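User: I would like to go through this model with you. Could we begin with its pockets?
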Amino acid sequence: TVAQFHFGGNSPGTWTFGAAGTPEMQTRLGQSSYEIVVAMDIGESRTVRRSDVHRFSVGQRVALRGGELEPM
């Protein structure tokens with residue numbers, strides 16, 4: 001399997017990232033993941049990567065424990 005990702009549109013200076021791998025990697029490359037930015041009560045923000053975001057919605061209060069999000 002070969003995957004190629006384009007960054008920067010079609011403008012000059014655009015670069016690409018490519019990968020080739022095993023059948024196990026094919027499955028991982030085909031999965032979507034999402035970056036969720038969490039605004040902490042202390043004013044900081046944290047970014048968490050998840051493959052399943054259906055349990056969460058924009059504005060929902062969550063707890064971040066051990067790097068995992070939990071609905072409140």
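User: Which residues lie nearest the centre of the largest pocket?

Analyst: V38, A39, Q60, R61 and V62 lie nearest the centre, among 17 residues that line the largest pocket. A pocket here is an open set of points on a 1 Å grid over the protein atoms alone, where a 1.4 Å probe fits, with protein on both sides within 12 Å along at least five of seven lines; lining residues have an atom within 4 Å of a point. This is a predicted model: local features need pLDDT of at least 70 and side-chain atom pairs count only at pLDDT 80 or more, while totals for chains, interfaces and linings use all residues. Residues are numbered from 1 along each chain as its sequence is written, and side-chain values use heavy atoms, with hydrogens and water left out.

User: How much space lies in that largest pocket?

Analyst: The largest pocket holds about 410 Å³, a volume being the space filled by probe spheres set on the points, which are joined across faces, edges and corners.

User: And which strand gives the largest share of the lining?

Analyst: Strand β3 does, with 4 residues. β3 (34-39) and β5 (62-65) each supply at least two residues of the lining. Strands are DSSP runs (E, at least two residues), as are helices (H or I, at least four), numbered from the N terminus.

User: What is the chemical make-up of that lining?

Analyst: The lining divides into 12 nonpolar, 3 polar and 2 charged residues. Ala, Val, Leu, Ile, Met, Phe, Trp, Tyr, Cys and Pro count as nonpolar, Asp, Glu, Lys and Arg as charged, and the others, Gly among them, as polar.

User: Changing topic: how many salt bridges are there in the whole structure?

Analyst: The search finds 5 salt bridges, each a side-chain nitrogen of Lys or Arg within 4 Å of a carboxyl oxygen of Asp or Glu. One of them joins the side chains of R49 and E35, at 2.7 Å from N to O. That pair links distant parts of the chain, with R49 in strand β4 (residues 45-50) and E35 in strand β3, 14 residues apart.

User: Are R49 and E35 buried or exposed?

Analyst: Both R49 and E35 are exposed. Exposed means over 50% relative accessible area, buried under 20%, and partly exposed in between (1.4 Å probe, protein chains only).

User: R61 came up in the pocket. What does D41 form with R61?

Analyst: D41 forms a salt bridge with R61, and their closest N and O atoms are 3.3 Å apart. D41 lies in the loop between β3 and β4 and R61 in the loop between β4 and β5, so the pair ties together parts 20 residues apart in sequence. D41 and R61 are both exposed.

User: Which residue does R46 pair with?

Analyst: R46 forms a salt bridge with E44, with the closest N and O atoms 2.8 Å apart. R46 is partly exposed at 36% relative accessibility, and E44 is partly exposed at 40%.

User: Back to β5. Is A63 buried or exposed?

Analyst: A63, in strand β5, is buried, because its relative accessible area is 8%. Not counting residues up to four places away in sequence, A63 touches E68, L69, E70 and M72, where contact means heavy atoms within 4.5 Å.

User: Finally, what pattern does the protein follow along the sequence?

Analyst: The pattern is β-β-α-β-β-β-β, which comes to 1 helix and 6 strands. Buried residues make up 14% of the 72 residues.
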